[in-house]
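Here are some exercises to work through with the model open beside you. Try each task before reading its solution.

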Amino acid sequence: MTRLEKMLLYVSEHNDFYKKRIAEYGIKNPLDITQYPVLTRRELQENRYNMFSDGYKSKYYNQQLRRQSSSGSTGIPVSIFWERDDYALSMLPLWRARRDLHGILPSDKVMKFITSDIGGKFGGGNRPQYYFESKNILNVKRASLLHEESYAELAEMIDSFSPRWLYIQPSVLHLLSLCYMRSGKKPPLSIKYIESVGETLTGTVRREALDVFGVPVTNMYGSEEMNCIAYECGAGHMHVIEDNVFVEASGGGAGYDVITNLCGRAMPLIRYEQGDTITLDTAEGVCGCGLGKTVIKSIDGRTNEKIKVGGYELDSLLLTSAVAEVNNIYRNAISEFYFTFSPAKETLVCHLFIRGDERKWYGAIAGDIISLLRRSFGDLKIETVRNTEYRRGKGTILEVKE
């Protein structure tokens, strides 16, 4: 029995949400993945407390599960809960690839750039906000990198911490590389590897980083819901991590990514559509590295939207981070959000849909989001709108409205 079949057998016997789905959709063979309907982000969000497998809801109430929160890069934030052993099993193939291809170990010092709330913070003003997750993991809040001074300070932090590798978004990597180029400063020789995450890694950004750091720059495609989905080999091919996920494209070879996690029993995700558009191919005849039998030829949908407004640069990652930070405080009350900017009025508007009983918190949530954004954008006019219906379609986080 394959790992996929074992997971499907597990949910058919131990998960009420999928038992109901099997009955509702008339699934004759629960071990046939093609008979299951696609699970949308909206469905996941609306059913997240009904999706625990047998025995795990009590662990959730006793705070014995690991929580992974998506910052909401599609405008729909979600939270996933993991049994800690299952989470380690899910991450194992990625760590094996890092070790085998680049000599990177879990004990190595890493600087991570994160978009979600980081809890206790140090820094402020033009200084990056950060905290130590452990002795060897330094987390930097992406939204605190707002000015050239922030990146100059970041370069000093990197010198002081001397990480072995960076876990970083391409947009941050680009600005960090430019900072080094302009200053003539050299990054520490301790850095041996850079892992690009969260956005499309362009050839330009990769070449800049290679020129500045002189180390491998590897693309990792993953998510908070799934952990690592695909990893780039030395030949530049994105191999699906088949010990962790089963990947389909909604149109067969190309379409929206439909992913099944093979490790998460607490809150299983079967045929979950993340919202990116991918093209799949087989590794046979394409690559002989042995990393995986399936490769992702292209990934579309992971871009960092930016709009220049006077002295400000509106950045979708920064905006998403502000919502994620507030949403964490209010127990994921925000079901959907997006931003619009009106050049004529020079006004940024945050559109919020607050779910269920939490709608009474709208005023406090809106006020906290505005307060966070004003720290970044000073006197820019910022407003909020309470949406009473979900937005149709898959719009972007940041839109221009006349």
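**Exercise 1. Decide whether Cys 179 is buried or exposed, then look for disulfides.**

Step 1. Cys 179 has a relative accessible area of 13%. Buried means under 20% relative accessible area, exposed means over 50%, and partly exposed lies in between, with a 1.4 Å probe and protein chains only. Cys 179 is therefore buried, at 13%.

Step 2. Before going on, note that this is a predicted model, in which local features need pLDDT of at least 70 and side-chain atom pairs count only at pLDDT 80 or more, while totals for chains, interfaces and linings use all residues. Residues are numbered from 1 along each chain as its sequence is written, and side-chain values use heavy atoms, leaving out hydrogens and water.

Step 3. A disulfide is a covalent bond between the sulfur atoms of two cysteines. Here the test is a pair of cysteine sulfur atoms within 2.5 Å, and by this rule the count is zero.

Step 4. Take Cys 228 as an example: the nearest cysteine sulfur belongs to Cys 263 and is 11 Å away, and Cys 228 is in no disulfide. Cys 228 has 2% relative accessibility, so it counts as buried.

**Exercise 2. Locate Gln 63 and Arg 271 and describe the surroundings of each.**

Step 1. Gln 63 sits in the loop that runs from helix H4 (56-61) to strand E1 (66-69). Helices (H or I, at least four residues) and strands (E, at least two) are DSSP runs, numbered from the N terminus.

Step 2. Although Gln 63 is not a glycine, its phi is positive, about 55°. With 71% relative accessibility, Gln 63 is exposed.

Step 3. Arg 271 lies in the loop between strand E12 (254-261) and strand E13 (272-282). Arg 271 also has a positive phi of about 55° without being a glycine. Its relative accessible area is 14%, so Arg 271 is buried.

**Exercise 3. Find what Asn 387 touches, and how far it is from Ile 278.**

Step 1. Asn 387 belongs to the loop between strand E19 (381-386) and strand E20 (398-400). At 15% relative accessibility, Asn 387 is buried.

Step 2. Contact means heavy atoms within 4.5 Å. Leaving out residues up to four places away in sequence, Asn 387 touches Tyr 338, His 351, Leu 352 and Phe 353.

Step 3. Along the chain, Asn 387 and Ile 278 are 109 residues apart, and their C-alpha atoms are separated by 31 Å.

**Exercise 4. Place Ser 58, and give its distance from Lys 360.**

Step 1. Ser 58 is in helix H4. Its relative accessible area is 42%, which makes Ser 58 partly exposed.

Step 2. Ser 58 and Lys 360 are 302 residues apart in sequence, while their C-alpha atoms are 27 Å apart in space.

**Exercise 5. Work out why the chain is as compact as a globular protein of its length.**

Step 1. Count the elements: the protein chain has 10 helices and 20 strands.

Step 2. The radius of gyration is taken over C-alpha atoms, and the globule rule is 2.2 Å times the number of residues to the power 0.38. For 402 residues the rule gives 21 Å and the chain's radius of gyration is close to that, at 21 Å, so the chain is as compact as a globular protein of that length.

Step 3. Add the overall picture: 53% of the 402 residues count as buried. Among contacts with a separation of 6 or more, 62% come from residues 24 or more positions apart.
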